[in-house]
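Good morning, colleagues. I should like to take a few minutes to go through one structure with you, beginning with a single residue and working outward.

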Amino acid sequence: MTFNISMHRSWWREHGPGCIRRVVRPSAPGLIDDISYVSVTGCIIDFQYLEVIHSAIQILLSVSSYLLLWIFLF
């Protein structure tokens, strides 16, 4: 999760359900080839909500596995 406080992009921003991703190369000469601008449209759910849901599922899985481990070991 980036919370828009770093320069890293969220994977969910570009690959969410229903999202149409379009890569636009900069036309200015002399720019690094790795730099590209990504335009994303048509997403069903905003990527911030998907990041929260993804994190919540990870937390639930880790807590449930810890509880199952605790039950079976003791």
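**Strand 2 and its surroundings**

Let me start with Val-38, which lies in strand 2, the stretch covering residues 37-41. Please bear in mind throughout that this is a predicted model.

How accessible is Val-38? Its relative accessible area is 23%. Burial requires a value under 20%, so Val-38 counts as partly exposed.

Which residues does Val-38 touch, leaving aside those up to four places away in sequence? They are Arg-9, Glu-14, Arg-21 and Arg-22. There is also Val-23 to consider: 15 residues separate Val-38 from Val-23 in sequence, while their C-alpha atoms are 4.6 Å apart in space.

One of the residues that Val-38 touches, Arg-21, merits separate attention. Arg-21 belongs to strand 1, residues 20-24. With a relative accessibility of 41%, Arg-21 is likewise classed as partly exposed. Again setting aside residues up to four places away, Arg-21 touches Glu-14, His-15, Val-38 and Ser-39. For Ser-39, the C-alpha to C-alpha distance from Arg-21 is 5.9 Å, at a sequence separation of 18 residues. With Glu-14, the side chain of Arg-21 makes a polar contact of 2.9 Å. Glu-14 therefore appears in both contact lists, that of Arg-21 and that of Val-38.

I turn now to the covalent link. The structure holds one disulfide, formed by Cys-19 and Cys-43 with their sulfur atoms 1.9 Å apart. The link is right-handed, with 125° about the S-S bond. What does this pair tie together? Cys-19 sits in the loop between helix 1 (11-15) and strand 1, and Cys-43 in the loop between strand 2 and helix 2 (47-73), so the disulfide joins parts that are 24 residues apart in sequence.

Are the two cysteines buried or exposed? Cys-19 is buried, at 17% relative accessible area, whereas Cys-43, at 32%, is partly exposed.

Finally, the chain as a whole. It contains two helices and two strands, and from the N terminus the order is α-β-β-α. Of its 74 residues, 14% are buried. The chain exposes about 6400 Å², and carbon and sulfur atoms supply 66% of that area. Among contacts with a separation of 6 or more, 48% are between residues 24 or more positions apart.

That concludes my presentation, and I thank you for your attention.

Methods. Residues are numbered from 1 along each chain as its sequence is written. This is a predicted model: local features need pLDDT of at least 70, side-chain atom pairs count only at pLDDT 80 or more; totals for chains, interfaces and linings use all residues. Side-chain values use heavy atoms; hydrogens and water are left out. Helices (H or I, at least four residues) and strands (E, at least two) are DSSP runs, numbered from the N terminus. Buried means under 20% relative accessible area, exposed over 50%, partly exposed in between (1.4 Å probe, protein chains only). Contact means heavy atoms within 4.5 Å. Accessible areas come from the Shrake-Rupley method with a 1.4 Å probe; for residues, only the protein chains shown count as cover. A polar contact is a pair of N or O atoms within 3.5 Å; within protein, one must be able to donate a hydrogen and the other to accept it, and residues adjacent in sequence count only if both atoms are side-chain atoms. A disulfide is a pair of cysteine sulfur atoms within 2.5 Å.
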